[in-house]
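This briefing is intended for a reader who has the sequence and the coordinates at hand. Please consult the display below alongside the text.

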Amino acid sequence: MSDLRTMMFQAAGPMPATTDVQIVDQDLARARRALRHRRVGRIGASSGLVAVAAVGAFAIAVPGLLPGSASTPSGTAAGTSSSARAGSSGTTVGGTALVSYTGKQPTGYTLDKVPAGWEINRSDAGALLLAPVGFAEEPVDGMVSFQGKIAVMQEGEASFPSGIPMDKVQVAGRPGVIAHMKGGGDTRTLFVKQRSGDYLAIQVWSGLGWSNDRIVEFAAGVHITKSATVSQG
Amino acid sequence: MKTVRDEQFRSYVLDRRVELVRTATLLTAGDRHLAEDLVQSTLTQLYLAWPAFQRARNPNAYARRALVNALVDEKRRPWRREHSTPDLPEPVSPETGSSTAADQLNQALRELPPRMRAALVLRYFHDLSVADTAEALGCTQGTVKSQTARALDRLRLVLDCTADDQDAPAPGLRPTSFSPVLPATNL
């Protein structure tokens with residue numbers, strides 16, 4: 001297996017003789033900011049003032065996070081008004097309503113329902129993204145952000161998280177878990193094991209106001225097709 | 001105003017950043033964006049804990065552990081962006097170039113859970129002993145041996161490695177047949 005070591009040295013990428021000083025300065029600036037932030041946080045926590053102020057500001061900026069709210073992230077077409085591709089008959093209990101999906105089916109998956117006022121943002125064999133109608137953004141370095149969206153993917157075993165709170169659920173008779181992701185507000189990801197051993201994974205970004213039941217209801221209407229590929233990592 | 005901590009940190013980053021990025025690139029199975037994120041996060045953590053880092057018996061092991069923790073932690077966070085999905089690499093043949101082999105290794109590493117991947121990287125990229133790998137991962141030596149053995153089995157399946165089985169080190173033992181032209185690494 002000496003080949004393995006050679007391959008690792010190649011796969012590890014280039015080995016420049018020096019590190020760009022500008023990058024070092026950026027590392028230092030970032031680290032100093034983090035230290036300042038931590039010190040301010042400690043002072044605030046001891047007085048109790050910062051925590052109260054932060055909660056208030058967050059609730060105003062993201063109304064969908066308030067318990068019982070049916071609001072969606074800013075800029076969305078919320079409520080039961082349908083997008084051009086969505087039908088009606090949704091309910092609003094547990095967050096933004098689900099309505100029948102009547103548009104063209106995406107690559108890799110078929111959908112029975114979508115959130116009212118949402119549409120397919122992007123899809124390929126690796127991922128399906130849903131976002132509020134007219135959600136505008138530019139990819140950065142070829143990457144498309146998942147923030148503010150619902151992401152549907154097929155994930156391998158390696159992607160299954162550990163060490164975070166998870167709720168057991170049943171999706172159309174299959175066992176699954178809803179993982180409460182770390183550092184993402186109320187962002188949750190549903191993992192449902194498939195016959196192949198892979199998982200149907202649906203990430204619901206914070207702000208949609210969905211209950212676990214609503215996530216399960218949406219997931220029950222998501223079907224993987226043969227053209228979907230598995231993401232690993 | 002620069003402090004002593006700042007100067008020491010700058011010196012450390014200048015000296016070690018390249019190796020951290022290379023290690024992170026393997027830990028993330030070739031995801032260079034994520035690797036850069038992990039290195040930035042790790043360096044910030046080291047700066048915040050600089051006094052403890054300076055006192056560490058083995059600062060390099062401390063940094064490696066911070067990097068692996070950042071990787072494992074990443075799995076608990078929401079996906080924030082979609083990675084473009086490249087086509088699957090062609091199988092490696094003796095005539096193919098090194099970049100294809102590296103791509104296929106990354107594809108194989110991608111199918112391993114993060115800590116199993118880390119065990120492999122520390123053992124065979126950094127040439128750490130089982131004991132040092134266990135220290136870096138915060139687990140027992142037995143766990144390192146079993147994780148490494150399982151990782152090698154899975155890699156063999158994916159890579160269809162052409163190496164002679166006798167050349168493969170028994171799980172838990174230090175590999176002995178390294179190419180002399182390879183540079184020694186010590187994160």
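The points that follow are grouped by topic.

The structure is a predicted model. Chain A has 233 residues, of which 36% count as buried. Its secondary structure comprises 4 helices and 13 strands. In chain B, attention falls on helices that pack together and on a nonpolar core that lies between two domains.

**Chain A: contacts and strand pairing**

- Among the contacts in chain A with a separation of 6 or more, 48% join residues 24 or more positions apart.
- Strand S4 of chain A (residues 118-123) pairs with strand S5 of chain A (residues 128-132) in the antiparallel sense, and 5 bridges connect the two.
- Four residues make up the hairpin link from S4(A) to S5(A).
- Within this pairing, A:Arg122 has A:Leu129 of S5(A) opposite to it.

**A:Gln203, a buried residue of chain A**

- A:Gln203 belongs to strand S11 of chain A, which covers residues 199-204.
- A:Gln203 counts as buried because it has 24 C-beta neighbours inside 10 Å, and the cut-off for burial is 20 or more.
- Beyond its neighbours within four places in sequence, A:Gln203 contacts A:Phe146, A:Ile150, A:Ala151, A:Thr187 and A:Thr189, and also B:Pro78 and B:Trp79 of chain B.
- One of these partners, A:Ala151, is 52 residues away in sequence from A:Gln203, yet the C-alpha atoms of the two are 5.1 Å apart.

**Nonpolar cores**

- The largest nonpolar core contains 52 residues, and A:Met8 and B:Leu67 have the most contacts inside it.
- Helix H1 of chain B (residues 4-27) is the element that gives the most to this core, namely 8 residues.
- This core lies between domain 1 (1-76) and domain 2 (98-174) of chain B, because both domains give residues to it.
- Another core, of 42 residues, lies apart from the largest one and includes A:Val99, A:Ala116, A:Phe146 and A:Trp210.

**Packing of H1(B) against H4(B)**

- Two packed helices are described by the angle between their axes and the distance between the axes.
- For H1(B) and H4(B), the axes come within 11 Å and cross at roughly 35°; the crossing is right-handed.
- On the H1(B) side, the residues that meet H4(B) are B:Leu20, B:Thr23, B:Ala24 and B:Leu27, and their counterparts in H4(B) are B:Ala63, B:Leu67, B:Val68 and B:Leu71.
- Leaving out residues up to four places away in sequence, B:Leu67 touches B:Leu20, B:Thr23, B:Ala24, B:Leu27, B:Leu38 and B:Thr42.

**Covered helices of chain B**

- Helix H6 of chain B (residues 114-124) is mostly covered, with 10 of its 11 residues buried.
- The buried residues of H6(B) include B:Arg115, B:Arg117 and B:Arg123, together with B:Ala118, B:Leu120 and B:Tyr124.
- Helix H7 of chain B (residues 130-137) is largely enclosed by the rest of the structure, because 6 of its 8 residues are buried.
- The buried residues of H7(B) are B:Val130, B:Thr133, B:Ala134, B:Glu135, B:Ala136 and B:Leu137.
- Three helices of chain B receive the buried residues of H7(B): H4 (59-74), H6 and H8 (141-159).
- B:Gly138, just after H7(B), takes a positive phi of about 70°.

Key
Residues numbered from 1 in each chain as written. Chains lettered and ligands numbered in written order. Predicted model: local features only at pLDDT ≥ 70, side-chain atom pairs only at ≥ 80, totals over all residues. Buried ≥ 20, exposed ≤ 12 C-beta atoms within 10 Å, placed from the backbone. Contact = placed C-beta atoms within 7 Å. Pairing = 2+ DSSP bridges. Core = buried A, V, L, I, M, F, W, Y, C linked by C-beta atoms within 7 Å. Domains from an automatic or database assignment. Axes fitted to C-alpha atoms, helices over the stretch in contact; angles between N-to-C directions. Left-handed = near helix turned anticlockwise from the far one by under 90°.
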